[in-house]
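Welcome, and thank you for taking a look at this structure with me. Please open the view below and follow along at your own pace.

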Amino acid sequence: MQFFGEKILCSEYVYGTGCDILDMSRVQKLDERKKDILARRILSDDEYEEYVISADKDRFLAVRFSVKESISKALKTGFRGFSMKDITVKKTSLGAPYAVFSGKLATQAEKMGIYTTEISVSHDGGFVMSTAVALKK
């Protein structure tokens, strides 16, 4: 690939990309008990603490679900060998999302040569859309 006369070797650093879109009504129509079951199934302990005090629990769950789906696609594994709870989605001081891997996923990512993922999230009109790019060493 050429970019203004310089060679850019993207494939050297990009392991994979993933995207996901979710209709927030799928979360909104769940009763509170089912939302809590879903939250406990997909959120890390730190995320669950944030969820409990969140002003918009439906959006919180929808965003986390979508981001984790995107990451699993960027890793080209789905959720084989690890769970959604092994991904913790956090925000920088400026609000940009990033992911922290733990448990089996941290070990798996290390073996795959993946050192980080870049994430982008957007939500509008009742939909959440996320993209993830897994970067290798």
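**A walk through the model**

Thr77 has a relative accessibility of 13%, so this residue counts as buried, the cut-off for that word being under 20%. Keep in mind as you look that the model is predicted. To find Thr77, go to the loop that runs between helix α4 (57–74) and strand β4 (87–91). Which residues does Thr77 touch there, once those up to four places away in sequence are set aside? They are Ser72, Phe82, Gln108 and Met112.

Let us move on to helix α4 itself, where you will find Arg59. With 33% relative accessibility, Arg59 is classed as partly exposed, because that label covers values in between the buried limit of under 20% and the exposed limit of over 50%. Arg59 is in contact with Met24 and His123, if neighbours within four places in sequence are left aside. You can also look from Arg59 towards Ala39: these two residues are 20 apart along the chain, and 12 Å separates their C-alpha atoms.

Ala39 takes us to a pair of helices, since this residue is one of those through which α2 touches α3. Two packed helices can be described by the angle between their axes together with the distance between those axes. Here, helix α2 (residues 32–42) packs with helix α3 (residues 45–53) at an angle of about 150°, and the axes are 8 Å apart. Angles over 145 degrees count as roughly antiparallel, and α2 and α3 are therefore described in that way. Which residues make the contact? On the α2 side, look for Lys35, Asp36, Ala39, Arg40 and Ile42. On the α3 side, the partners are Glu47, Tyr48 and Tyr51.

While you are at α3, have a look at Asp45, which also lies in this helix. Is Asp45 buried or exposed? Its relative accessibility is 59%, so Asp45 counts as exposed. Now find Lys85 as well: Asp45 and Lys85 are 40 residues apart along the chain, and their C-alpha atoms are separated by 7.9 Å.

Our last stop is on the surface. Ile21, Phe127 and Met129 make a nonpolar patch there of about 290 Å². Phe127 belongs to strand β7, which covers residues 127–136. The relative accessible area of Phe127 is 38%, so this residue is partly exposed. That value also fits its place in the patch, because patches are made of residues with over 30% relative accessible area.

Terms used. Residues numbered from 1 in each chain as written. Predicted model: local features only at pLDDT ≥ 70, side-chain atom pairs only at ≥ 80, totals over all residues. Heavy atoms only, no water. Patch = residues over 30% accessible without salt bridge, like charges linked within 9 Å, V, L, I, M, F, W, Y side chains within 5 Å. Areas by Shrake-Rupley, 256 points an atom, 1.4 Å probe, with all protein chains shown as cover. Salt bridge = Lys/Arg side-chain N within 4 Å of Asp/Glu carboxyl O. Helix = DSSP H or I, 4+ residues; strand = E, 2+ residues; numbered from the N terminus. Buried < 20%, exposed > 50% of the residue type's maximum accessible area, 1.4 Å probe, protein only. Axes fitted to C-alpha atoms, helices over the stretch in contact; angles between N-to-C directions. Parallel < 35°, antiparallel > 145°, perpendicular 65-115°, else oblique. Contact = heavy atoms within 4.5 Å.
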